[in-house]
Amino acid sequence: MNSSRRKFLERAAFGLSIAPLGAGLIVEAVGQQTTGSTRRATPPISVSSANGLAAVAKAVEVMRRGGDTLDAVIEGVNIVELDPKDNSVGYGGLPNERGEVELDASVMHGPTRRAGAVAALRGVRTPSKVARVVMERTDHILLVGQGARDFATAHGFENVDLLTPESRLAWIRWKETLSDRDDWGPSPHTPAPASPAGQRRLEEERKRESDILAEQLADGDQERLRQLLAWADEVARRPPTGTINCLALDAAGDISGVTTTSGLAWKIPGRVGDSPLIGCGLYVDNDVGAAGSTGRGEEVIYINGARTVVEYMKRGMSPEQACLEALKLIAARYGNDLEKLRDIDVNFYALNKRGEYAGAAIWSHTVNSRGQRRRRQFAFADANGARLIDSAYLFERR
């Protein structure tokens, strides 16, 4: 047994004694909920967050016809960025607290050892493409805010409204339910109507704007209306951290990656997460491998997450081991207290030069406000097609 493997197992055994346990939470041995063996495939291969099933399929298709790895991952994530039904990325992404969609993205091209990124960018459906232009056409790595917008305009990117009706519905729902003491929603101070017409009008106006918007979107479909309101209530209560990370390795051993996001829903305007920060939400070392992340960006920034995963692989760890070790740094920051970690959600994705790949999460499952559980997974594609694979994890949520 090599020394890195021995140290890994020693740390895992230590994780068995973590305490205190949160109510209803059962801990597996830290770092031991693994796939059982190292996953490996023949390149070209691509790994992504679970919302990237179409992205990894596209990335492999591009590489199989001789395309560059960076073109492959960008074409892959463009599918998600342009999908108005995906509220985590690009067009249709959930907005900041003012109702404005701000996008972040980064790209890294392993063969040329270059990177580019944008943050708090408005009005561009495909921020990953703007990040690539920053890499290729400037002496900079990161452009933000209005400067990024002006740069995009100068390079021919149209300025468009990114807020879809569904995302606007969710934002209005959040504003209306944020407090029962603010002025959003129908006024609680209703005068006595002067006539039957006044009474009818007041009854009509008692509906919240979000209810009216949902009815318009549902167009008479009651099941669609129920689903829309349930989704709006869920994202209003639990602001999501939507992101897609996509990594690719071709047959020549070259690697590239991209991470793109609309960021934390209802964030303070100007907030930047890990996605556009090189070494945090994305890192590529063409001699070793690549890693990326989704979830709570502040935690990933604090540990320089993607770079940390790649450094662990450089020391000899498998992608899965490296992801789990990086996640342990986050857990340790909170004293391995499961109550404090309960609502902290971070996922890492990684691949190395040998074609080994993995995804890992702090928690085994997500649980929404209605108690519905969903297993943590990641997307993978090779010559045999694209599929979802269960992620390794630190703690089991039951």
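Student: What covers the buried residues of helix H6?

Tutor: In this predicted model, the cover over the buried residues of H6 includes helix H8 (209-218) and helix H9 (222-237).

Student: What makes H6 largely enclosed by the rest of the structure?

Tutor: Buried means under 20% relative accessible area, and 10 of the 13 residues of H6 are buried, so the helix counts as largely enclosed. Among those buried residues are Trp171, Ile172 and Trp174, and also Glu166, Arg173 and Lys175.

Student: Thanks! And what is the span of H6, set against the expected one?

Tutor: H6 covers residues 165-177 and reaches 18 Å from its first C-alpha to its last, close to the 18 Å expected at 1.5 Å a residue.

Student: Let's turn to Ile141. Why is Ile141 called partly exposed?

Tutor: The label partly exposed applies between the buried limit of 20% and the exposed limit of 50%. Ile141 has a relative accessible area of 44%, so it is partly exposed. Ile141 sits in the loop between helix H4 (127-137) and strand E5 (142-144), and together with Leu142 and Val144 it makes a nonpolar surface patch of about 240 Å².

Student: Good, now the interior. Which residues touch the most other members of the largest nonpolar core?

Tutor: Val309, Leu327, Phe348 and Tyr357 do, in a core of 48 residues. Helix H12 (residues 319-333) gives this core its largest share, 7 residues.

Student: Where does the second core come in, and which residues does it include?

Tutor: It is separate and has 34 residues, including Val62, Val73, Ala105 and Phe151.

Notes
Residues are numbered from 1 along each chain as its sequence is written. This is a predicted model: local features need pLDDT of at least 70, side-chain atom pairs count only at pLDDT 80 or more; totals for chains, interfaces and linings use all residues. Side-chain values use heavy atoms; hydrogens and water are left out. Helices (H or I, at least four residues) and strands (E, at least two) are DSSP runs, numbered from the N terminus. The expected span of a helix is 1.5 Å times one less than its number of residues. Buried means under 20% relative accessible area, exposed over 50%, partly exposed in between (1.4 Å probe, protein chains only). Contact means heavy atoms within 4.5 Å. Patches are made of residues with over 30% relative accessible area and no salt bridge: like charges are joined within 9 Å, nonpolar side chains (Val, Leu, Ile, Met, Phe, Trp, Tyr) within 5 Å. Accessible areas come from the Shrake-Rupley method with a 1.4 Å probe; for residues, only the protein chains shown count as cover. A salt bridge is a side-chain nitrogen of Lys or Arg within 4 Å of a carboxyl oxygen of Asp or Glu. A nonpolar core is a set of buried Ala, Val, Leu, Ile, Met, Phe, Trp, Tyr and Cys residues joined through side-chain atoms within 4.5 Å.
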